[in-house]
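Student: I'd like to go through the charged side chains in this one. Can you show me what we have?
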Amino acid sequence: MRVPDTIAAVKGFRDVLPDESRRWRALEEAAERVFARYGFGEIRLPVVERTELFARSLGETTDIVEKEMYSFADRDETGLTLRPEATAGVVRAYLESGLAQSDPSARLFYRGPMFRRERPQRGRYRQFYQIGAEVLGRDDPLADAELLVMLDRYLAGVGARATRLELNSVGDRVCRPVYRERLREFGRAHLAGLCPDCHRRLERNPLRMLDCKVESCQEIMARAPVVADSLCEGCRAHLAQVRALLEQERVDYTMNPRLVRGLDYYCRTAFEVVADGLGAQNAVGGGGRYDGLVAALGGPDIAGVGFALAARAVGPALALATRLRDGGLAVGLEPEGRSLKALLRTADRRHARLAVILGEEELEAGRATVRDLVRHQDRRQFLPLDASGPELVRSVQAMIGGGE
Ligand SMILES: [Zn+2]
Ligand SMILES: [Zn+2]
C-alpha cells in the first residue's frame, strides 16, 4: 500500500501559529495605539497591484524589480505583481481615492504581508509582514522628526530595547546627480573587481552598486564616496534641523553615512531600525518616506488637539506635542507658513477638539493659547510651555471635560 505524499508549504513561505501570532497581535495593537496619537489612520490595501506601479516607483534597476518580484500575467494578460512593499500602493490609493485633494497631508499606516523572492536564509521569508507609516504632502524637517519620535516611542513601548536607530540623508534632486557622478567615477576606477550586474548598474543607476549583494562588490563599495559629502545646502539644513529636533526630544540615534535605502524614491532623510530585539526581522518594518501634514484624529475616547506654528515655534511645539502624546492624547502638528484661518479649518476637518496656537506672542509669554473648536468659548485658555507632561495632560483634559 502506498501512502500519498503530503503537501508542504511553498519554499520561503510558512505558517504563523498561535504562540507567535499572539505576539504579532501585541505589536499591531501597540502600533494602533501609538500611531493614533500622531494622527495616523489605517489604510488596508490590496496585495496585488499592476506591475508597472512598482517598476515606476521603486525604479526599474532596483534588485526588487529586476529579480525579486512575484509577477504574473492575469488571464487577460494584464501584468500583475504581489506587492514587494506598501509605499507605492499607499501613494496609488492616496491619488486614486481623492485623498490627495480632500486630505493632502494624510497620515496613513498599514500592516500586512509583502512578497519578495529573495534567496532563502534563516529568519527571512518570501512572504513577510510589515507595519509601516507614511506621511504625505509634507517636506519639512518637523515631519521627519515627528515620525522618528513616534517610531522611538513605539519601539520602546513594545519593549524592543535592543534596537538602534540609524540616520542619514540621501540627498535630493539637486545634489544626488552630483553624488551619482562621483560614484560612477569611483566604479570606473574599480571596474575589474565589480560583478557583471554592477557593470550594468554603473551606467544605468550607480547608486544600486551600494546594495549589491556580491561580497567582492561590497568590499569595494565600502570604500566608495559617501552621499553625506555631496549634500547640497538645502539637504544639509534639513538634516541639521531633524537632528536638532531628535536631540531635543532625546531620541537616540546614530548617523550612518553609508546608509542608503535600496529604493530610488527615497529623498533626504533615510533611516533604519537595526532591530535585534524584535526577534523575527520580518515582524516590523517601518517608516518609508516621511512628508506630510499633521492633524488630530480624535478616536472615540481620545481628545484631538491641533497646533499652529510660527517661525521660532517648531522646537517648542514638538516638545509640547510629545508630552501630550506620551500622555495618550492624539495631537496633530501643522507647520508654519499658512494663515491661522487655514490652520483652524484643517483642525476642524480632522475633528480636532482643541487648537493650541503657538505664535511669536505666545513664545514671548511662555504659554500657548488654546481654542475650543467645539464649544467656541470666548474665554481665553492657556497652556504653560514649561509645564510637565502630566500637568499638561491634566489641563487639556480639564478643558475638554470641564467647560465650567
Ligand atoms: Zn556587484
Ligand atoms: Zn540636496
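Tutor: Before we look at pairs, note that helices here are DSSP runs of H or I with at least four residues, numbered from the N terminus. Please also keep in mind that this is a predicted model.

Student: Okay, how many salt bridges are there?
Tutor: The count comes to 23 salt bridges.

Student: Which residue does glutamate 96 form a salt bridge with?
Tutor: Glutamate 96 pairs with arginine 92, and their closest N and O atoms are 2.8 Å apart. The two residues are four apart in helix 4 (residues 87–96), so about one helical turn separates them.

Student: And are those two exposed or partly exposed?
Tutor: Glutamate 96 is exposed, with a relative accessible area of 61%, whereas arginine 92, at 22%, is partly exposed.

Student: What about aspartate 197, where does that go?
Tutor: The side chain of aspartate 197 meets that of arginine 200 in a salt bridge, at 3.1 Å from N to O. Both belong to helix 8, where being three residues apart puts about one helical turn between them. Aspartate 197 is partly exposed at 24% relative accessibility, and arginine 200 is partly exposed at 34%.

Student: Switching topic, which residue meets glutamate 66?
Tutor: That is arginine 204, in a salt bridge of 3.9 Å from N to O. This pair links distant parts of the chain, since glutamate 66 lies in helix 3 (residues 63–68) and arginine 204 in helix 8 (residues 196–204), 138 residues apart. Glutamate 66 counts as partly exposed, at 29% relative accessibility.

Student: Last one: which residues are linked in a network?
Tutor: Salt bridges link Glu28, Glu32, Glu42, Arg44 and Arg111 in a network.

Technical notes: Residues numbered from 1 in each chain as written. Chains lettered and ligands numbered in written order. Predicted model: local features only at pLDDT ≥ 70, side-chain atom pairs only at ≥ 80, totals over all residues. Heavy atoms only, no water. Salt bridge = Lys/Arg side-chain N within 4 Å of Asp/Glu carboxyl O. Buried < 20%, exposed > 50% of the residue type's maximum accessible area, 1.4 Å probe, protein only.
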